[in-house]
Amino acid sequence: MTATIELEDTWCASNYHPLPVVLVRGEGALVWDETGRRYIDMMGAYSAVSHGHCHPRLVRALTDQASKLAVISRAFHTTPLGPFAELACRLTGMDRALPMNTGAEAVETALKAARKWAYTVKGVPEGQARIIAAKGNFHGRTIAIIGMSTVEQYRRSFGPFPGGFDLVPFGDADALDKAITRDTAAFLVEPIQGEGGIIVPPEGYLARCRQICDRRRVLLIADEIQTGLGRTGRLLACEHDGVRPDAVTLGKALGGGMLPVSLLLGTTELMDVFRPGDHGSTFGGNPLAAAVGREALQVLVDDGLIERAAELGPWLMERLRALDSPLIKDIRGRGLFIGIEFDAERVQAREVCDRLAARGILTKDTHRNTIRFAPPLVISRELLDEAVWSLGAVLAEA
Ligand SMILES: *Cc1c(COP(=O)(O)O)cnc(C)c1O
């Protein structure tokens, strides 16, 4: 064990179990460890590094703004926030934005907005509003959010949780229809469940949810923190179904791989529920985050990263299928957001990750004995080829 790992193990709480590599530098889809060894980053920091590590334009946006004005709080106006919100709204087709920092905060903001909308616009009796979420969801780690989780470990010994949440099976629009009552404020859903194992719902699922929500006067809130910003080959994964939600949460890649930056975007009707003093965040929308967030959005467009994911995704999927390994149970996903599920009786996903790391390929297992291939969108075909080849080698030796 290196001294670096020992130090972390001694002084940090053990809420993570990292692979035993110590990374010191990154560029594009590559990272290097303490000894100078090169790795291909096939995880992209859970989709927070879609632009690649240390993208020059994002480094410049960060350093330029950091040397001017970084943090001042929303007690005052600053120049980067308006342009950031404008570009985010224009690209996503939403009317207004509320800036936060982490993904979980954007989701909490969405829950608060939906509840207040239910009381002040829909007319649900105060204290009665309910929000429907999908089983197998991942929306973050705060108390309210894990209250919606169906993962036993995320919840055990962390209760009690706030009430007002109902769960329906993911991918089942009829179940959503049945679960809605007079008091339902919103349906919160990931277009593709990420942490749940890269689960793609049946064709047309979101479009049906949209119709149901319209008919029953329920808000459709898409959590695009992981699926958004080009990951699936469209700016928002909802676009594959031609769906415009009432609200969208963005995070992860919104920070350009530099900072935590998140947004709740929504329609005017929804976002107008917020009045001064209702909600806030000391760091939310700070000039540094706004400058980096705006540049992150602009780089996605200028570098054609969305089109890249659309082009490379199906190609990568085909290469993976061509491995044709009996250890692989399923390959699923969209764009550069791919899950590879292994037969649990033959190999564990964690073991595959360890063996891949030994061959210079970094990724992480997730639920359902699945590993993810969600590299920075700037990755080259050559590096993707190398990752697929290494996976083939690992499966052959396992
Ligand atoms: C990662 C994630 C979150 C939480 O984001 P944090 O920045 O870790 O709080 C919420 N929703 C989805 C879909 C995510 O993938």
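Into which domains is the chain divided? The bounds, from an automatic or database domain assignment, give domain 1 (3-54 + 306-397) and domain 2 (56-302). The model is predicted: local features need pLDDT of at least 70, side-chain atom pairs count only at pLDDT 80 or more, and totals for chains, interfaces and linings use all residues. Residues are numbered from 1 along each chain as its sequence is written, and side-chain values use heavy atoms, with hydrogens and water left out.

The centres of the two domains, taken over C-alpha atoms, are 26 Å apart. In contact (heavy atoms within 4.5 Å) are 27 residues of domain 1 and 32 residues of domain 2. Together the domains bury about 2600 Å², where buried area is the accessible area (1.4 Å probe) that two parts lose on being put together, summed over both. Carbon and sulfur atoms carry 61% of it. His-51, Arg-334 and Phe-337 supply 32% of the area that domain 1 buries against domain 2, more than any other three residues. One salt bridge (a side-chain nitrogen of Lys or Arg within 4 Å of a carboxyl oxygen of Asp or Glu) crosses the interface.

The residues around the ligand (a heavy atom within 4 Å of it) include Thr-102, Phe-138, His-139 and Glu-190. Gly-103 places a backbone N or O atom 2.8 Å from a ligand oxygen atom. A polar side-chain atom of Lys-252 lies 2.6 Å from an oxygen atom of the ligand. Asp-223 has a side-chain N or O atom 2.7 Å from a ligand nitrogen atom.

How values were computed:
A polar contact is a pair of N or O atoms within 3.5 Å; within protein, one must be able to donate a hydrogen and the other to accept it, and residues adjacent in sequence count only if both atoms are side-chain atoms.
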